[in-house]
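I opened the model to look up burial, core packing and a few backbone angles, and I kept these entries as I went.

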Amino acid sequence: LCRRVFNHKNMGHQHTHGGAHQEHHHHHGPASLADLNKAFFIGIGLNAVFTLVEFVYGYLYNSLALLSDASHNLSDVASLVLSLLGMKLAQKAATASYTYGFKKASLFASFINAVLLFVVVFGIIREAIERLSAPPQVMGTGIVVVASIGVVINTISAFLFFKGQKDDINIRGAFLHLLVDALVSVGVVISGFVIHYTGWYIIDPIISFVIAATILVTTWGLLKESVRLVMDAVPKDIQTDAVIREMEKVTGVASVHHVHIWALSSNTNALTAHVTLDEPHLHNWAGIKAELRHALLHQNIMHSTLELEQTHETCLHNDCR
């Protein structure tokens, strides 16, 4: 049996039953691109306008909580722009130099978003520490009004990405930015009420610390996963041992080795593997590849390169590890 390499992309897969040829499509990807494009533009527009408003009133009311929230909102705008750019680049066709295309741009976008949030956090913490010793007077009612608008805007914006974030770490980054900002705005509203009814101005920098801690907790997972994927680690929703077991269940497959699994983009996973076939099934190599493709799609792997081998073949130069 000559070595054959099989390569496929996420374009559905086929079953053969009794000579009948049927095609079934799996939809493992995120929401439609048209819906995501619309969500990005709405989110960017709403947050850009609100960020400007919040900066102005944060300055007028001398509220660090509002200014902190505005800074986070500004990072949201940058995050959405980066995520949109990453998604657009990921759709570009492959070239002779970039044979996988620009799919990894979406992973870099999620990594930059996470780093950007950490930068914002440290700026908020530094300013809050300075204000603890001498908290300035701030206008509680004004804070409540402005922050309440932020709750509404960020909740609406986050909802636009709810469906897409389930399958795409890049979209998840945008969704988390917006969801966290909605929660942060709720905290600012609470601080405004406390200031209005008690005159306890120190609550303003204290709420800023809470905002910073919230951002850190929610962002850490995004940063860790984006770093893993940029480094070509196995995506967290895929277990290599489970993938191998499913592949070895296919009739005619003796063993699977030299397996590599990584993320091509924020919503497309890839695999390369050597597959040893049982001697009696060598003639059915095409059918075996079709069944392997079926199994891999159910493991959320859309792009695979398989090298088929006979049981007596050996790998050279430790190529089977």
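Before reading any burial value I fixed the terms: buried means under 20% relative accessible area, exposed means over 50%, and partly exposed lies in between, with a 1.4 Å probe and protein chains only. I noted that this is a predicted model, in which local features need pLDDT of at least 70 and side-chain atom pairs count only at pLDDT 80 or more, while totals for chains, interfaces and linings use all residues. Residues are numbered from 1 along each chain as its sequence is written, and side-chain values use heavy atoms, with hydrogens and water left out.

Entry on serine 226. I looked up whether serine 226 is buried or exposed. Serine 226 counts as buried because its relative accessibility is 0%, and I found it in helix α6 (helices are DSSP runs of H or I with at least four residues, strands are runs of E with at least two, both numbered from the N terminus). Taking contact as heavy atoms within 4.5 Å, and not counting residues up to four places away in sequence, I list Leu107, Ser110, Phe111 and Ile169 as touching serine 226. Its side chain also reaches the backbone oxygen of leucine 223 at 2.9 Å.

Entry on α6. The helix has 28 residues and spans 40 Å from its first C-alpha to its last, close to the expected 40 Å, where the expectation is 1.5 Å times one less than the number of residues. I also found a bend of about 35° at threonine 219, the bend being the angle between axes fitted to the seven residues ending there and the seven starting there. Just after α6, aspartate 232 has a positive phi of about 65°.

Entry on the cores. I took a nonpolar core as a set of buried Ala, Val, Leu, Ile, Met, Phe, Trp, Tyr and Cys residues joined through side-chain atoms within 4.5 Å. The largest has 24 residues, of which Leu66, Ile124, Ile143, Val188, Ile207, Ile211 and Ile215 touch the most other members. At least two residues of this core come from each of α2, α3, α4, α5 and α6. Apart from it lies another core of 20 residues, including Val243 and Leu296.

Entry on two asparagines. Asparagine 62, in the loop between α1 and α2, has a positive phi near 60°, and counts as partly exposed because its relative accessibility is 32%. Asparagine 300, in the loop between α8 and β6, has a positive phi near 65°, and is buried, with a relative accessible area of 18%.

Definitions and conventions: A polar contact is a pair of N or O atoms within 3.5 Å; within protein, one must be able to donate a hydrogen and the other to accept it, and residues adjacent in sequence count only if both atoms are side-chain atoms.
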